[in-house]
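Colleague: I would like to learn how to read a protein model, feature by feature. Could we go through one together, with the general idea at each step and then the case at hand?

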Amino acid sequence: MTADIVNSTVEWKGEVLVTGTYDPQLNRNVLRVTNSYLEFDAWSRVTIAPDVWLIIEVGSTLWQDPGAVVVCQPGGECIIEENATATLSSDITFIGQGSCIYNKGQITIPANASISVEDEGLFVLDGGTLTLEDSVSLTFDADSDVFEIKPNSTIKLGKDAEIIIESKIEAVGKADSTILITSLYSTPSSTQYWKWIKVVGAGGGEYNFGEIEYATIEYSDYGVYASNVPNIQIKNNTIQYQKMSGIYLYSSYADIEDNIITNSDLLNGVYLNDSSPQFYNNTIKDHNGSGVYCFNYSSPSFGSTTTTTEGYNV
């Protein structure tokens, strides 16, 4: 496919290769979708050629049917611009080999869908909104690239929706432009909470599983759940209104610094199972159980990671 799509309704079926046409301003081949509706048919395989950008522009909608596969060859990207939308149906697979989804607009994953990012697939949320409806599972396989969430981005999750990361997360906001990870519902009951951000390692391999910084994480069963993760940074966040625990670590290490962790309904602010993280300058309060609960040989440290001071943990 080379020609731009303008004021049209288009359905791609079977094997589709996106090559675009040369754009001298961007110095690359581009295929633009403008004021149009583009559908990837069920079980289609759409390949974005190396260094080509498929851009879904303002006023356009990208719809992907169940079973569609998107392959982004090195440097290839599918970009959802501001005020554009995309809907990803069930059993979609993104295969990266370089880049893949770059969202500045609105992406919605309908209820009960399973989306996987594989083979160096890169998913970037750049100030846009990603909505996971009820019981959606978004999984980043171990061979995928990073899940990157930039400042001013929002993720909304419905009941029992989950994000599972077996590779790496870089959710880094700023003090004046934070990240919001919250419920799809404006005033959810605990039965409507989403499940977790689950970071899964194998106890070895890649040492740094990323960082979560300057984010608000709320209305979930667990805020951040890490299993067999050798290192993750959790700093400058507000983690609140969890059904179980704000942070749960199983056989994992984390630097937990400058966070506000409040209001867990059933368990503890932080639950440690065979984990010994470092705490510094946190406020952990207003939980049904302990602020920090230690189990199975857990032995956390309370103090600075860079100085000899103990820091301030409430």
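**Reading the model step by step**

Modeller: Let us begin with cross-links between cysteines, keeping in mind that this is a predicted model: a search of the whole structure turns up zero disulfides.

Colleague: What can be said about the surroundings of C72 and C294, and is each of them buried, exposed or partly exposed?

Modeller: A residue counts as buried when its relative accessible area is under 20% and as exposed when it is over 50%. C72 has a relative accessible area of 0%, so this residue is buried, whereas C294, with 37%, is partly exposed.

Colleague: How should I read the overall make-up, and how many helices and strands are there in the protein?

Modeller: The protein has 36 strands and zero helices. Taken along the principal axes, its C-alpha atoms fill a box of roughly 60 × 40 × 35 Å. For 314 residues, a compact globule would have a radius of gyration near 20 Å, and the protein agrees with this because its own value is 20 Å.

Colleague: What share of the residues counts as buried, and what share of the contacts comes from residues 24 or more positions apart?

Modeller: Of the 314 residues, 53% count as buried. Among contacts with a separation of 6 or more, 54% are between residues 24 or more positions apart. The accessible surface comes to about 12,600 Å², and carbon and sulfur atoms account for 45% of that area.

Colleague: Now to the rings: how is a pair of aromatic rings described?

Modeller: Such a pair is described by the distance of the centres and the angle of the planes. The structure holds 14 aromatic pairs. One of them joins W196 and Y225, which are tilted, with 4.7 Å from centre to centre and 55° between the planes. This pair links distant parts of the chain, since W196 belongs to strand β25 (residues 196–200) and Y225 to strand β27 (residues 215–227), 29 residues apart. W196 counts as buried at 10% relative accessibility, and Y225 counts as buried at 15%.

Colleague: What arrangement do Y222 and Y248 form?

Modeller: Y222 and Y248 form an edge-to-face pair, with 5.6 Å between the centres and 80° between the planes. Because Y222 lies in strand β27 and Y248 in strand β29 (residues 238–250), the pair ties together parts that are 26 residues apart in sequence. Y222 is buried at 14% relative accessibility, and Y248 is buried at 11%. The residues of both pairs also belong to one aromatic cluster, which is formed by W196, Y222, Y225, Y248, Y271 and Y293.

Colleague: Which residues have the most contacts inside the largest nonpolar core?

Modeller: They are L130, F147 and I169, in a core of 72 residues. The largest share of this core, four residues, comes from β27. Apart from this core lies another of seven residues, including V30, I55, Y102 and L122. To look at F147 itself, leave aside its neighbours within four places in sequence: its contacts are then F123, L130, F140, I155, I163, I165, K168, I169 and E170.

Colleague: Can we finish with a single residue, and where is the place of T131?

Modeller: T131 sits in strand β18 (residues 129–132). T131 has a relative accessible area of 11%, so this residue is buried. Not counting residues up to four places away in sequence, T131 touches I107, T108, I109, K156 and L184.

Key:
Residues numbered from 1 in each chain as written. Predicted model: local features only at pLDDT ≥ 70, side-chain atom pairs only at ≥ 80, totals over all residues. Heavy atoms only, no water. Disulfide = S-S within 2.5 Å. Buried < 20%, exposed > 50% of the residue type's maximum accessible area, 1.4 Å probe, protein only. Phe/Tyr/Trp six-rings, centres within 6.5 Å; stacked < 30°, edge-to-face > 60°. Helix = DSSP H or I, 4+ residues; strand = E, 2+ residues; numbered from the N terminus. Core = buried A, V, L, I, M, F, W, Y, C linked by side-chain atoms within 4.5 Å. Contact = heavy atoms within 4.5 Å. Rg over C-alpha atoms; globule rule 2.2 N^0.38 Å. Areas by Shrake-Rupley, 256 points an atom, 1.4 Å probe, with all protein chains shown as cover.
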